[in-house]
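Let's take a walk through this chain together, from its start to the way its helices pack. Keep the structure open beside you as you read.

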Amino acid sequence: QQVENALQLNALTARLVESRLAAMDMNPGAVDGTFDGETRRALRRFQEANGIGVTGYLDERTLVLLLAGAIGN
């Protein structure tokens, strides 16, 4: 969680993350900029599909891959 906090995401970026997760059928729940349980599960699914550390929290690598549209690399 500390790593995610250090990214200092603004509300727009948080909604973009959720939007990307939704577009990839990761089921993040409402695209509202709030990382709730559904968003955390979607982040874990994304991380697992991309072979990166599964935490349910954003880190720099997860954010870059997510915004680049990576899936299953």
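Gln1 lies in the segment before H1. In this predicted model, Gln1 is exposed, with a relative accessible area of 55%. If you would like a feel for distances across the fold, look from Gln1 to Val64: the two are 63 residues apart along the chain, and their C-alpha atoms are separated by 17 Å.

**A charged pair**

Step a little further along and you reach Glu4, which sits in helix H1. Is Glu4 buried or exposed? Its relative accessible area is 9%, and because buried means under 20%, Glu4 counts as buried. Setting aside neighbours within four places in sequence, Glu4 has contacts with Phe35, Arg40, Tyr57 and Leu58.

One of those partners, Arg40, deserves a closer look. Side chains of opposite charge can pair when their charged atoms come close. Here the side chains of Glu4 and Arg40 form a salt bridge, with 2.7 Å from N to O. This pair ties together distant parts of the chain, since Glu4 belongs to helix H1 (residues 2-6) and Arg40 to helix H3, 36 residues apart. Both Glu4 and Arg40 are buried. How many salt bridges does a search of the whole structure find? The search turns up one.

**Two loop residues with positive phi**

Most residues other than glycine have a negative phi, and most peptide bonds are trans. With that in mind, have a look at two loop positions. Gln8 is placed in the loop between H1 and H2, and its phi is near 50°, a positive value in a residue other than glycine. Gln8 is also exposed, at a relative accessible area of 68%.

The other position is Asp25, in the loop between H2 and H3. Phi of Asp25 is near 60°, again a positive value in a residue that is not glycine. With 62% relative accessibility, Asp25 counts as exposed.

**How the helices pack**

Two packed helices are described by the angle between their axes and the distance between the axes. The table sets out three pairs in this way.

| Helix pair | Angle between axes | Distance between axes |
|---|---|---|
| H2 and H3 | roughly 60° | within 10 Å |
| H3 and H4 | about 85° | 11 Å |
| H2 and H4 | roughly 60° | within 9 Å |

Start with helix H2 (residues 11-23) and helix H3 (residues 37-49), whose axes cross at roughly 60°. That angle makes H2 oblique to H3. The crossing of H2 past H3 is left-handed. On the H2 side, the contact is made by Val17, Glu18 and Leu21, while H3 brings Thr39, Ala42, Leu43 and Phe46. Sorted by class, this contact of H2 with H3 has five nonpolar residues, one polar and one charged.

Next come H3 and helix H4 (residues 60-68), which pack at an angle of about 85°. Why is this pair called roughly perpendicular? Angles from 65 to 115 degrees count as roughly perpendicular, so at about 85° H3 is roughly perpendicular to H4. Leu43, Phe46 and Gln47 of H3 make the contact with Thr62, Leu65 and Leu66 of H4. The residues of this contact of H3 with H4 are four nonpolar and two polar, with no charged ones.

The remaining pair in the table is H2 and H4, with axes that come within 9 Å and cross at roughly 60°. This makes H2 oblique to H4. The crossing of H2 and H4 is left-handed. Here Leu16, Val17, Arg20 and Leu21 in H2 meet Leu63, Leu66, Leu67 and Ala68 in H4. By class, the contact of H2 with H4 holds seven nonpolar residues, no polar ones and one charged.

**Leu43 up close**

To finish, zoom in on Leu43 in helix H3. Leu43 is buried, with a relative accessible area of 0%. Which residues is Leu43 in contact with, leaving aside its neighbours within four places in sequence? They are Val17, Leu21, Gly56, Tyr57, Leu58, Thr62 and Leu66. If you want another distance to check on screen, try Leu43 and Arg61: these two are 18 residues apart in sequence and 12 Å apart in space, C-alpha to C-alpha.

Technical notes:
Residues numbered from 1 in each chain as written. Predicted model: local features only at pLDDT ≥ 70, side-chain atom pairs only at ≥ 80, totals over all residues. Heavy atoms only, no water. Axes fitted to C-alpha atoms, helices over the stretch in contact; angles between N-to-C directions. Helix = DSSP H or I, 4+ residues; strand = E, 2+ residues; numbered from the N terminus. Parallel < 35°, antiparallel > 145°, perpendicular 65-115°, else oblique. Left-handed = near helix turned anticlockwise from the far one by under 90°. Contact = heavy atoms within 4.5 Å. Nonpolar A, V, L, I, M, F, W, Y, C, P; charged D, E, K, R; others polar. Salt bridge = Lys/Arg side-chain N within 4 Å of Asp/Glu carboxyl O. Buried < 20%, exposed > 50% of the residue type's maximum accessible area, 1.4 Å probe, protein only.
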